[in-house]
Amino acid sequence: MKQDLIEQARAVLARNDRGDYTVPTHGLYPFQWNWDSALSALGFSHFDEARAWREIETLFRHQWDDGMVPHIIFHEMNDGYFPGPDVWATGRAVPTSGITQPAVAGFAVRRIHARAKNRGLADAQARALLPKIHAWHQWFFTNRDPQGTGLVAIIHPWESGRDNSVDWDAALARVPTEGVAPFQRRDVAHANPAHRPTDEEYRRYIWLVQHFRDLGWDNSRLHDASPFRVVDPGFNAILIRSCLDLAALADDLGEAEIASASRAFAQAGIAAMDALWSETRGQYLCFDRVTGELIDSPSIGGLLAAFCPIPEHRAQAITQRLEAIGATVPYLVPSHDPAAPEFDGLRYWRGPVWLIVNYMIADGLQRAGQTRIVQRIVDDSLRLIEQSGFAEYYDPVTAEPCGGSSFTWTAAMVIEILNAETTPA
Ligand code: DGY
């Protein structure tokens, strides 16, 4: 069974492999996506280390001069996706989008390096990537935390990776739609519209893109000029964890300066994170930097916070939250609280389970010693695959496969999970 699933997962990766990068899935996402790539490299690393390194190398080849690593790289033309390069108009030789995505590369690179069999290749690749990943982390704290709070804001829902989360509803409602050029969505031709964000959300997504484009994609201006500025605990936990992993990697490679700067970022972030805790909800919440208030929305963002070091009693509380949710749905971890009125088990980030988030939550809680809930998350993840294949996401109640099929990072997570017992953490 195990070997069979690994073979199937490898076939998905092979199908989406474009040589130097993978597409998340055929049709719906025909380019390279930032966090998809970094997480997919983990899957490749179990059977082709050179290919895993190439995935991340390609991503960083398109890093901007200011340090940002864009969320999409448009390697080849394809009019099956909207918004394409003409809408972003970032002026790059190989076109890219103009916003970023969760900074998972530091974590992935350290993990791939730590367990690599080809040590020479791993050291050479990690040494080359180290300053680039560090520059990206510095970019975050300079441009997305201009007041030096220790936590960074996203300025577009797409940056979070959790595009249409309930977390953004109120903040996104303040984004205007006047002046948005008429457009035709392409995603709904590839996936069931009931699984995707709404047209109204798309108009606001595109308003933000046009607004940033009008500001010349100058990252020193975008944060303050954006009507959407939200501090997401999950997004920050990924960045903090990557800073810590980069510090450990830098220690291994004798790069003391990068190690201490990365640790300083992480420590400031960990200290600031506690202000996002909600005693009532028993989890972390997003913070709206425009209104100066916490956003009372019980989403998976506040559980994903466990991916970075958090106090033991907080990890226990998050475990209790997961146990309570797990008593009401057969598959953990729904992306939004199933008891909340906004919960929608089919619609993208408003309820469905995503394997990559399951993996990160399980990884964090494993380190926190919460092994029982970790086993439940892992078991649920594998049951979803066995029942519904390698989908983009799944209904946590019915296991219905949603979004795109033959999905790269879902397959990569299966390879990663099934190999876990044979590889060091
Ligand atoms: C999409 O197009 O749906 C992506 O999530 C945004 O990058």
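A search of the whole structure, which is a predicted model, turns up 0 disulfides. Take cysteine 286, for instance: it is in no disulfide, and the nearest cysteine sulfur, which belongs to cysteine 308, is 14 Å away. A disulfide would need two cysteine sulfur atoms within 2.5 Å, so this pair doesn't qualify. Cysteine 286 has a relative accessibility of 2%, so it counts as buried. Cysteine 402 ends up with that label too, because its relative accessibility is 1%. The cut-off behind both labels is simple: buried means under 20% relative accessible area.

Now for the ligand. It's found in the largest cavity, with a ring of residues around it: Tyr29, Trp33, His71, Tyr81, Trp158, Asp163, Arg196, Tyr202 and Tyr348. Sorted by class, that shell comes out as 6 nonpolar, 1 polar and 2 charged residues. Tyrosine and tryptophan both go in the nonpolar group, while aspartate and arginine go in the charged one.

Several of these neighbours reach the ligand's oxygen atoms with polar side-chain atoms. For tyrosine 81, the distance from such an atom to a ligand oxygen is 2.6 Å. Arginine 196 also has a polar side-chain atom by a ligand oxygen, with 2.7 Å between them. In the case of tyrosine 348, the gap from a polar side-chain atom to an oxygen of the ligand is 2.9 Å. As for how much of the ligand is covered, on its own it has 230 Å² of accessible area, and the protein covers 95% of that.

Conventions: Residues are numbered from 1 along each chain as its sequence is written. This is a predicted model: local features need pLDDT of at least 70, side-chain atom pairs count only at pLDDT 80 or more; totals for chains, interfaces and linings use all residues. Side-chain values use heavy atoms; hydrogens and water are left out. A residue is near a molecule or strand if one of its heavy atoms lies within 4 Å of it. A polar contact is a pair of N or O atoms within 3.5 Å; within protein, one must be able to donate a hydrogen and the other to accept it, and residues adjacent in sequence count only if both atoms are side-chain atoms. Accessible areas come from the Shrake-Rupley method with a 1.4 Å probe; for residues, only the protein chains shown count as cover. On a 1 Å grid over the protein atoms alone, a cavity is a set of points where a 1.4 Å probe fits but cannot get out, and a pocket is an open set with protein on both sides within 12 Å along at least five of seven lines; lining residues have an atom within 4 Å of a point. A molecule sits in a cavity or pocket if more than half of its atoms lie within 2 Å of its grid points. Buried means under 20% relative accessible area, exposed over 50%, partly exposed in between (1.4 Å probe, protein chains only).
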